[in-house]
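Work through the exercises below with the sequence and the coordinates at hand. Each task is followed by a worked solution.

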Amino acid sequence: MRSDVAVLGAGIVGVSAALHLQARGRSVVLVDRRGPGEETSHGNAGLIERASVVPYAFPRALPELLRYASNTRIDARYHWAFLPRIAPWLFQYWRNSSPARLAEAARAMLPLIERCLDEHRPLLQQAGITHLARETGWLTVYRSTRSLEAGEAGRAVAAAHGLNFGVLDPAQVRAVEPHLEDGLVGGVHWQDPVSVSDPGAVTKGYAELFLRRGGRLVQADARSLQPAEGGWSLQGPDGPVLARDAVVALGPWSLDLLRPLGYRLPLAVKRGYHMHYRPRGNAVLNRPVLDDDQGFLLTPMARGVRLTTGVEMGHRDAPPTPVQLQAAEAAARSLFPLESRVDDRPWLGARPCLPDMRPVIGPAPRHKGLWLAFGHAHHGFTLGPVTGRLLAEMITGGDTVVDPSPYRADRF
């Protein structure tokens, strides 16, 4: 099988890149060991997060560091045995979370964040899945006045960038989400973001659009990719797949392919869990709700109310550990009336993260025709389509929608 481009990875980033390359006249084969949208793109909170201008930073204040070091928080846990392995990466993350470097990361990410909805909306329309999207924004709620006031700096940054939001008192929180429990001191309604009722279905819908337009999907192991005459080859189920260009969009598995080619990018993963629940009685959740004090997110999904945990630092392939989800579930029941679990077992995924809080998008430094698109951390679903457009423009040689230099691989 021959094509102009082989896109390795059928998550939201890979599928979006395949669609944009196809729209620019390239023949494209999409390669994954599973079906589209069945890994990290399936298990997120379903937010197209237009409001997250400032990346998630590593805590810097000593009292906050000590609270996280206790390993009892809901929003972040770690495996003790994994700490020595991840410590150098965490130190880089901490350094890049200084005020100056965090501001630099925010400036780098802003052009992508600003365009996330503009790139998702046409694909939702063309794929015929606009019914999966909700224009309701999302809500951050606060259990303490201290946490509400601590968010003022972030809201000032958001206002400076023209984001639309409203600060709500307890009665106003009740008006927009009447089934939340009492005891909240306030909230912030972020009005620009869009959420979806099934992020995995969105990725599958984009993949189906790619196939309807003549794209090809191959189930194969991307790690078989090797340089070949005139480009790249990998072993497909019916023989070699040959392409002039190859795109690595494998998320947390990207280094499995790149290490044998000599690349040592500082990619780590933040593990996370989700579980679906039936609401109790006639309770309804109208939009995603983040509990800022406890560090979990509730999102209304087609399958039920999805509880998404924060971060677990552990080996990517380690067995699931139930502690974080159990703690989040107990806290979530004090916020919203959840009934029984819907799923047989928790879903566990891995967010691919780089320590300077921005992805790699662009050419591989030492191999012609090899392109990289991974490391989006908490914003892979948000940034998949704009990443796909930017990468396709770089591959085909056109003007780019944003300056790609902040995302170059050789910055490391």
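A residue is buried at under 20% relative accessible area, exposed at over 50% and partly exposed in between, with a 1.4 Å probe and protein chains only. This is a predicted model, in which local features need pLDDT of at least 70, side-chain atom pairs count only at pLDDT 80 or more, and totals for chains, interfaces and linings use all residues. Residues are numbered from 1 along each chain as its sequence is written, and side-chain values use heavy atoms, with hydrogens and water left out.

**Exercise 1.** Determine whether Ser-16 is buried or exposed, and list its contacts outside its sequence neighbourhood.

Solution. Start with the location: Ser-16 belongs to helix α1 (residues 12-23); helices are DSSP runs of H or I with at least four residues, numbered from the N terminus. Its relative accessibility is 0%, so Ser-16 is buried. Next, take contacts (heavy atoms within 4.5 Å). With neighbours within four places in sequence set aside, Ser-16 touches Tyr-206, Gly-384, Pro-385 and Gly-388.

**Exercise 2.** Check the length of helix α9 (residues 199-212) against its expected span, then describe its start and what follows it.

Solution. The expected span is 1.5 Å times one less than the number of residues. For the 14 residues of α9 this gives 20 Å, and the end C-alpha atoms are 20 Å apart, so the two agree. The buried residues of α9 include Tyr-206. At the helix start, a side-chain oxygen of Asp-198 comes within 3.2 Å of the backbone nitrogen of Gly-200. Just after α9, Gly-214 has a positive phi of about 100°.

How values were computed. Helices (H or I, at least four residues) and strands (E, at least two) are DSSP runs, numbered from the N terminus. A polar contact is a pair of N or O atoms within 3.5 Å; within protein, one must be able to donate a hydrogen and the other to accept it, and residues adjacent in sequence count only if both atoms are side-chain atoms.
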